[in-house]
Amino acid sequence: MTNPSLLTTEELIKNNEMLTQELQGFNKILKDLEKQIRGKFWLWFLLPILGWFIYIAIINKRRTSPEIAQSLMEIKTAQTKNELQIMLNNRELEKRQETQKPE
């Protein structure tokens, strides 16, 4: 993560755009991973209550499998870092705009 106070306004805006694009990419990867986890298990919903319990049990088991859990953790960590950096950049931009306003 970079320190937003060391960047110019243009760099902050470009950095926010780049981070937003990366965040969209992470969301797509996360969506594909969720599809992989769910598979065709939604068919268990055809059995009213029993199907729901079986579906939840299978999905939780798949999410805790080592390879999927590690992938989910890496993606969610990267997403959180990007969102935090965007928030810091926006805060710095707001500070700069407030100091440039004539009173």
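Which residue forms a salt bridge with Glu92? That would be Arg96, with the closest N and O atoms 3.3 Å apart. This is a predicted model, where local features need pLDDT of at least 70 and side-chain atom pairs count only at pLDDT 80 or more, while totals for chains, interfaces and linings use all residues. Residues are numbered from 1 along each chain as its sequence is written, and side-chain values use heavy atoms, with hydrogens and water left out.

**View A. Glu92 and Arg96 pair up in helix α3.** A salt bridge here is a side-chain nitrogen of Lys or Arg within 4 Å of a carboxyl oxygen of Asp or Glu. The two residues sit 4 residues apart in α3, so about one helical turn separates them. Helices are DSSP runs (H or I, at least four residues), numbered from the N terminus. Glu92 is buried at 15% relative accessible area, and Arg96 is buried too, at 16%. For burial, think under 20% relative accessible area for buried, over 50% for exposed and partly exposed in between (1.4 Å probe, protein chains only).

**View B. Salt bridges along helix α1.** The structure holds 4 salt bridges. Asp32 meets Lys28 at 3.3 Å, N to O; they lie 4 residues apart, about one turn of the helix. Asp32 is partly exposed at 37%, whereas Lys28 is exposed at 53%. Arg38 bridges to Glu34, with 3.7 Å between the closest N and O atoms. Here Arg38 is partly exposed at 36%, but Glu34 is buried at 16%. Add Arg63 and you have a salt-bridge network linking Glu34, Arg38 and Arg63.

**View C. The two faces of helix α2.** Residues 48-63 make up this 16-residue helix, which reaches 23 Å from first C-alpha to last, close to the 22 Å expected at 1.5 Å a residue (1.5 Å times one less than the number of residues). Gly51, Tyr55 and Ile59 are buried. They share one side of α2 because they cover an arc of only 60° around the axis, taken from the directions from the helix axis to the C-beta atoms. Turned away from that buried side are the exposed Ile49, Leu50 and Lys61. Helix α1 (9-38) is among what covers the buried residues.

**View D. Gln79, tucked into helix α3.** At 9% relative accessibility, Gln79 counts as buried. Leaving aside residues up to four places away in sequence, Gln79 touches Leu23, Phe26, Asn27 and Leu30, contact meaning heavy atoms within 4.5 Å.
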